[in-house]
Amino acid sequence: RILTYCQHNKGRKRKVTHHSIMTKDKVDVLMVGTGEYTTGYVGGGASDSDKGAGVVALTMFDLRRRGKVDRVAMCGVNGKKFPGIRSHMKRNIEDVYSDMDLTCETFPNDDEVNPKSYVTASSSCNPGDVAVIFTPDDTHFDIALECISKGMHVMVTKPIVQTLEHQKILAAAAKEKNVLVGVEVHKRLDPFYADARDRARSTLGNFQYMYAYMSQPKHQLETFKAWAGKSSDISYYLNSHHIDFSEWTLAGIARPVRVTATSSTGVAKARGMDTEDSITLTVQWENINDKTLGCGVYTSSWVAPKSDVHSQQRFFYMGTNGEINVDQGHRGCTVGEDGKPFASVNPLFMKYTPTNGYFSGQNGYGVRSFENFIDACQAVNDGKKTPDDFNDGSIATVHTTYQGTAILEAGRMSLDADGQPMDLIYENDTEIDPTEIKPHHFA
């Protein structure tokens, strides 16, 4: 019997064989995390962001409809949320789009609260299955390592981890288990960002300067109150996007050598949250070919006012031969509807409006980010590719994103040291992966 709702795992058994990857023409997916990006369900109802129907679950159900995914499971901490999540997904997915099968095993049981439910959930999976992790930043390492140990391919939302040391451990584990481990950084698939990257690499010369800004409205502090300022900050959460863009764009061209962080405070603390409102990271980059310097300034905030977009996001990039501006929040499309605020929309990211009753957002870079990873995992399972084949920039892997993690960690260290600059240390003058972070001492 096909069920059109999420089903909890009680009484369900699944044969697990951890000794080898099971060959099949579809992959099984475990979604770890049940929040806004996975389901669109926040605080007992639909998120009022631009992701009310979620992204991850909707994408996986659609990939199953299109024959790329088979079993879908979902894992959270509080099983008591699942009845509400099932109702939410029925309203926002099954009732909106044709032929969407929402069958989904859920962990833990509906009457349980278990922060370690990912251990049970991953034990129900086989080698070659895929784990998609969208949980608070400080939980990424433990969950990813557990899934890797089971022989699963793993995709983790940015930042993949919070420390360089943790990334090294994940990379070693991925290599040992011969699995693909990637970071979900969908801006690499935004056609505006991708074109800007290629222009920067091909015609704009050595790196000179970049300014990037990304924000979310202050009501998101309520969405993230469980972890904001306790286990992570707005820089890890939002600056990670444009820092990854820099690492991807400047791969082999420049490397970060020093990070200095400053912050703004007041709004969050007035709400009883001990965290920064905005964080700016100033990153000194060194061009590898001639040791000249460039500067990147990355600002993120979660105390912006509500406006025509959920998230302001834009950057200015200058090289020695030219410059480019990109405003990701405004794509020239605005919508006004009775009873709704005026909005600048971005269907290039997620297209929720159905076509002839069917979900038709497959070309959105929010969807393509996951589909590309699922396709890559299938190719590895089939023996057509190896995980190392994707270290070419086609996927942001655990092996090619050390710089981003180091910058974010150094930024947090700088803030905690009252703005002291932090140096990124490399083994030699040509190495691109930093090995450690040390406080900068002025002569």
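**Notebook: an open sheet and a cavity**

I looked up S263 first and found its bridge partner in β12, I279. This is a predicted model. The pairing behind that bridge joins β11 (residues 254-264) to β12 (residues 278-287). I noted 10 bridges between these two strands, which run antiparallel.

Next I traced the sheet. I read an open sheet of 8 strands with mixed pairing. The order is β15-β14-β10-β13-β12-β11-β18-β19. I marked β15 and β19 (436-439) as the edge strands, each pairing on one side only. From one strand to the next, I have an average twist of 15°.

Then I checked what α12 does here. I found that α12 packs on the sheet and touches β11, β12, β18 (422-425) and β19. I put its direction at about 35° to that of β11.

I turned to β14 and β15. I have β14 at residues 313-319 and β15 at residues 322-327, paired in the antiparallel sense over 6 bridges. They form a hairpin, with 2 residues between them. I located F315 opposite V326 in β15.

Last entry: empty space. How many cavities of 30 Å³ or more are there? I count 1. The largest cavity has a volume of about 100 Å³. I listed its lining as K158, P159, I160, V183, V185, S240, D244, E247, T401, G404, T405 and L408. I sorted the lining residues into 5 nonpolar, 4 polar and 3 charged. I also see that α9 (234-249) and α12 (402-416) each supply at least two residues of this lining. So my notes on α12 cover both the sheet and the lining of the largest cavity.

Terms used. Residues numbered from 1 in each chain as written. Predicted model: local features only at pLDDT ≥ 70, side-chain atom pairs only at ≥ 80, totals over all residues. Heavy atoms only, no water. Pairing = 2+ DSSP bridges. Helix = DSSP H or I, 4+ residues; strand = E, 2+ residues; numbered from the N terminus. 1 Å grid on protein atoms, 1.4 Å probe; cavity = no way out; pocket = protein on both sides within 12 Å on 5 of 7 lines; lining within 4 Å. Points joined across faces, edges and corners; volume = space filled by probe spheres on them. Nonpolar A, V, L, I, M, F, W, Y, C, P; charged D, E, K, R; others polar. Axes fitted to C-alpha atoms, helices over the stretch in contact; angles between N-to-C directions. Contact = heavy atoms within 4.5 Å.
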